[in-house]
Amino acid sequence: MLRTTLSFLMVFAFSVTSFAHEFYFAYAELTYNELQQRFEGTIIFTTHDLERAIEPKGTLIGKFEKLDETSAELKLIEHYINEHFQINYGCALDSNAVDAFCKSQFTLEGIVTQLNGTIECYVSSSAGALYNPVQFKFDALMDRYPNQQNKLTFIYRDQKETLSFLLYDQQKYFTLKP
Amino acid sequence: MKKLAFAFFTLASGAMVAQTKFAQLDQLLPTANSYRAASGAPGHAYYQQKADYKMTLVLDDNKQRLDGTETIAYTNNSPDPLAYLWLQLDQNIYDQNAESKLIEVEKMENFKSVSDLRKRDFYYDGGFKIEKITNMSGQPMTYFINKTMMRIDLAKPLMPGQNISFQIKWWYNVNDRMQVGGRSGYEYFEADKNYLYTIAQFFPRMCVYNDVTGWQNKQFLGRGEFTLPFGDYEVSITVPADHIVAATGECQNYASILSPEQRKRYELAKKSDTPVVIVTQAEAEAAEKNKAQKTKTWVYKATNVRDFAFATSRKFIWDAQKQTVGGKDILCMSYYPKEGNPLWERYSTKLVAHTIKTYSKYTVNYMYPVAISVHSKWIGMEYPMICFNGGRPEADGTYSEGEKYGMWGVIIHEVGHNFFPMIINSDERQWTWMDEGLNTFVQYLTEQEWERDYPSRRGPAYMIADYMRGDLSGISPIMTNSESIKQFGNNAYGKPATALNILRETVMGRELFDYAFKTYCERWALKHPTPADFFRTMEDASAVDLDWFWRGWFYSTDHVDIAVTDVKWFELNTQNPELEKAFLQQKDAQKDVFIGDTRNKTAITQTVNERDAQIDDFYAKRNIYAVDAIDRKDYQTFVSKTSAEDLAYLNAGKQLYELTFENLGGLVMPLIIEATFADGSTKVERIPAEIWRVEEFKVSKVFVYDQPVVSFRLDPFLETADTDLDNNTWPRVMLPTRYQLYKQEPKRENPMQRQQRLEQMQGGN
């Protein structure tokens with residue numbers, strides 16, 4: 001048995017077990033834009049869930065509805081997305097074998113909060129080339145809500161597939177077809 | 001396009017396909033019997049038990065402790081002798097050894113801070129302390145507590161038709177809802193050092209005994225809610241004298257509780273169509289400061305309810321208005337601390353009134369004398385006649401638009417629970433969807449009648465598509481026990497609400513659906529329905545076989561993805577040689593030409609047969625497009641044998657399209673196809689789902705029009721929850737992604753900042 005020492009952040013986060021929502025669901029729609037050579041997509045969260053996930057990071061976010069594209073707090077959301085929505089993909093070929101791997105680094109281009117309680121985050125990440133294997137990790141909100149389930153629809157040329165991510169199944173592969 | 005010549009014989013399709021999606025539900029549903037009829041109605045031998053309660057409650061505001069003595073009168077209307085009784089001890093979920101904590105799956109990643117660990121190990125001396133259980137002679141009764149259930153052993157079996165009374169004395173420490181969580185508890189307001197109590201599941205409650213489960217004594221694990229028999233309640237609640245109490249039922253002693261001025265306002269509210277304030281904010285704020293040390297006792301009575309809950313605080317502002325339903329005036333009331341304003345004084349009671357009025361239209365008339373909304377931070381929870389709802393503005397009284405809609409939605413939803421499951425009393429411990437799903441469906445209808453284009457979170461078909469599409473490993477069928485559901489909200493709230501919306505808008509139509517749905521509600525009002533009773537009634541009252549729908553939407557995790565995979569275009573062959581040979585010539589002239597042929601026309605100056613006239617024979621010289629006497633004679637013969645009506649049809653220029661549809665998602669649905677014509681006009685075709693009854697994965701259908709079609713679109717009104725709209729069009733149109741739509745829109749601006757800019761600009765003018 002491996003003994004590991006844990007170092008906790010001494011953050012006494014605001015935490016409530018009874019927060020009354022029944023959502024625990026995030027959805028992302030992502031494409032690979034071959035002309036622009038980048039991933040482009042939208043990630044949709046329940047607004048209050050994302051607010052509570054980011055609140056312990058130290059800066060008061062308050063209500064996302066008050067933010068606009070110039071708000072400095074958007075950087076916190078961008079950071080959160082890059083922590084919890086990641087793509088690892090082959091990005092260079094050598095004699096038909098992938099010899100370099102890259103990791104996504106998303107830029108948050110904007111957010112829109114909807115009156116039905118969701119927030120749409122528009123993101124892009126440059127990717128000069130895209131080869132197999134393409135691995136997605138989408139564990140947003142799972143550390144806070146164990147019942148959280150996330151789905152991602154990835155569109156590559158004529159391929160379109162929806163992948164499901166759970167607390168114990170946070171990584172999925174997408175196979176690019178020639 | 002192809003010309004179509006009819007062959008005058010009928011093809012018989014002899015393919016043998018195992019019937020699955022349209023198989024009747026026979027094996028999945030319980031066999032109908034004398035208690036529950038095959039029609040979905042209560043059977044002629046239907047029975048239900050009755051549990052009447054008399055309770056004396058004392059709240060200690062200093063210790064946050066509730067003491068109670070209850071007398072239960074239990075009537076056995078079943079045909080079975082009962083050797084023991086089962087009661088629910090819901091507060092025991094806060095016992096340190098409660099299973100609900102033990103069964104939580106955990107990973108180290110769940111604990112990112114010390115506070116996470118402290119929360120996990122938070123100690124709270126919760127759970128019922130049962131002091132004694134006695135018969136009405138004061139003799140102790142034998143009982144055994146199994147976690148959240150308690151069995152009372154009877155000295156002799158309770159025979160059919162008999163009743164028994166007994167008394168339980170208990171107490172428990174009320175939970176700090178903000179720390180411990182839960183559906184009820186207290187909220188402490190640090191600023192004025194006062195408590196707001198929302199008290200529920202607070203007394204040992206009888207389990208349901210019926211023909212379906214026997215005793216429904218499945219342990220309370222936290223998610224699957226409650227299953228309770230109906231009964232009458234008489235409850236006296238002793239609280240600090242300056243508290244205002246809101247409770248299930250009608251207060252019997254306002255005369256001795258309220259001030260004369262408050263009684264006058266109360267009488268005014270009973271006749272008012274708009275909210276009248278009974279306890280003002282100023283009165284509540286005065287009470288907050290003074291903190292009475294004496295107590296008062298509020299007495300309530302409630303008839304034919306399945307539960308009892310109450311709220312109490314000296315912080316309460318109270319307003320009320322009447323709402324007439326079925327000729328009866330219902331008193332709609334709200335109780336809220338000042339922290340709820342300005343949202344609560346403006347909207348809560350009006351939302352209560354609107355909700356019971358609208359739900360009554362779609363289900364059954366509201367049956368109780370009062371309907372109450374209590375403000376309780378963060379939560380939304382329902383009990384008979386009373387519910388606890390979130391929706392709190394900022395400390396400075398401002399609120400966002402989203403917060404407003406959140407508050408509206410939760411009040412409509414929780415008040416709506418008066419109908420599901422308080423009146424139409426399904427088994428929540430077993431089936432969450434039967435109350436949450438049906439309630440969310442009527443909530444959607446009610447929201448749309450509150451405000452045009454209300455941004456409802458659930459209901460419309462397209463809103464469930466993201467959840468249902470793709471990898472199915474993380475979702476469960478709707479017909480899953482409450483404790484085992486994956487994706488609780490989407491599964492038990494969103495998907496059934498969507499399914500009912502699809503039935504109403506697309507499969508059955510509003511008239512048939514509304515009649516059948518109301519029939520179900522009327523049949524099972526103040527009774528205990530099961531899923532089978534719902535499924536059967538919806539079919540019985542509509543003459544629509546919905547077994548395929550229940551099977552697909554409620555028993556499977558299939559999703560809707562129907563694609564238009566092929567379109568073939570035909571015109572009718574008129575047999576008229578003048579027309580058809582000209583058409584053939586035109587068609588040949590339009591054929592693509594091989595590049596070598598084009599170049600040869602100039603590169604080869606003269607061919608052999610162009611030089612030598614002896615080369616071309618009959619075949620080379622004939623004109624295949626010329627109409628000759630034989631052609632004309634044949635046509636005359638055809639005309640003489642064909643009716644005038646058929647000839648007219650052949651010559652009408654009909655355009656025929658054979659569309660092929662593939663079922664990629666597994667869930668069969670009606671086909672709604674919009675054809676757009678060359679002149680810009682459109683026509684919508686609606687093909688019932690039964691088109692899939694034999695071939696479940698690929699079907700075709702022919703449509704005949706008077707003019708050419710330029711495009712087809714499947715599900716143009718987003719009514720089937722199709723998860724991939726990109727394969728719904730012909731010619732293929734790739735719909736823009738959300739990202740692309742966002743990039744096409746102009747720059748966004750915070751609405752409040754924009755308003756400020758506008759005002760500055762106008763001020764500058």
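Here a visitor asks a guide how some features of this predicted model are recognised.

Visitor: What makes Lys160(A) and Asp726(B) a salt bridge?
Guide: Their side chains meet at 2.8 Å, N to O. The rule asks for a Lys or Arg side-chain nitrogen within 4 Å of a carboxyl oxygen of Asp or Glu, so the pair qualifies.

Visitor: How many salt bridges are there between chain B and chain A?
Guide: The count is five. Polar contacts are listed too: 19 residue pairs across the interface, with both residues at pLDDT 80 or more.

Visitor: Which helices of chain B supply residues to the side that touches chain A?
Guide: H2, H3, H8, H11, H12 and H22 of chain B each give at least two residues. H2(B) brings the largest share, five residues.

Visitor: What classes of residue make up that side of chain B?
Guide: There are 19 nonpolar, 19 polar and 23 charged residues.

Visitor: How many residues does each chain bring to the contact?
Guide: Chain B brings 61 residues and chain A brings 63. A residue is in contact when heavy atoms come within 4.5 Å.

Visitor: How much area do chain B and chain A bury between them?
Guide: About 5200 Å², with 52% of it on carbon and sulfur atoms. Trp378(B), Arg457(B) and Tyr739(B) supply 16% of the area that chain B buries against chain A, more than any other three residues.

Visitor: Why are E5 and E9 of chain A called edge strands?
Guide: Each has a single partner strand, so one side of each is left without a neighbour in the sheet. The sheet itself is open and has six strands, in the order E5-E6-E2-E1-E8-E9. Its pairing is mixed. Neighbouring strands are turned by 15 degrees against each other on average, direction ignored.

Visitor: What makes E1 and E8 of chain A a pair?
Guide: Seven bridges join them, in the parallel sense. Pairing needs at least two bridges, so E1(A) and E8(A) count as paired. Glu29(A), for instance, stands opposite Thr153(A) in E8(A).

Visitor: Which strands does helix H2 of chain A lie across?
Guide: H2(A), residues 74-84, lies across E2, E5 and E6 of chain A. The helix runs at about 110 degrees to E5(A).

Visitor: How do you know that E15 and E19 of chain B are paired?
Guide: Four bridges join them, and the rule needs at least two, so they pair. The two strands run antiparallel. Ile244(B) has Ser313(B) as its bridge partner in E19(B).

Visitor: In what order do the strands of that chain B sheet stand?
Guide: The order is E9-E10-E19-E15, in an open sheet with antiparallel pairing. E9(B) and E15(B) are the edge strands, since each pairs on one side only. Neighbouring strands are turned by 10 degrees on average, direction ignored.

Visitor: What omega goes with the cis peptide bond of Asn341(B) and Pro342(B)?
Guide: About 15 degrees. Pro342(B) sits in the loop between strand E21 and helix H7 of chain B. A cis bond also joins Trp730(B) and Pro731(B), with omega about -10 degrees. Pro731(B) is in the loop between E31 and H22 of chain B.

Visitor: What is the phi of Leu141(A)?
Guide: Positive, about 70 degrees, although Leu141(A) is not a glycine. The residue is found in the loop between E7 and E8 of chain A.

Note on methods
Residues numbered from 1 in each chain as written. Chains lettered and ligands numbered in written order. Heavy atoms only, no water. Buried area = accessible area lost by both parts, 1.4 Å probe. Polar contact = N/O pair within 3.5 Å; in protein donor to acceptor, adjacent residues only side chain to side chain. Nonpolar A, V, L, I, M, F, W, Y, C, P; charged D, E, K, R; others polar. Axes fitted to C-alpha atoms, helices over the stretch in contact; angles between N-to-C directions.
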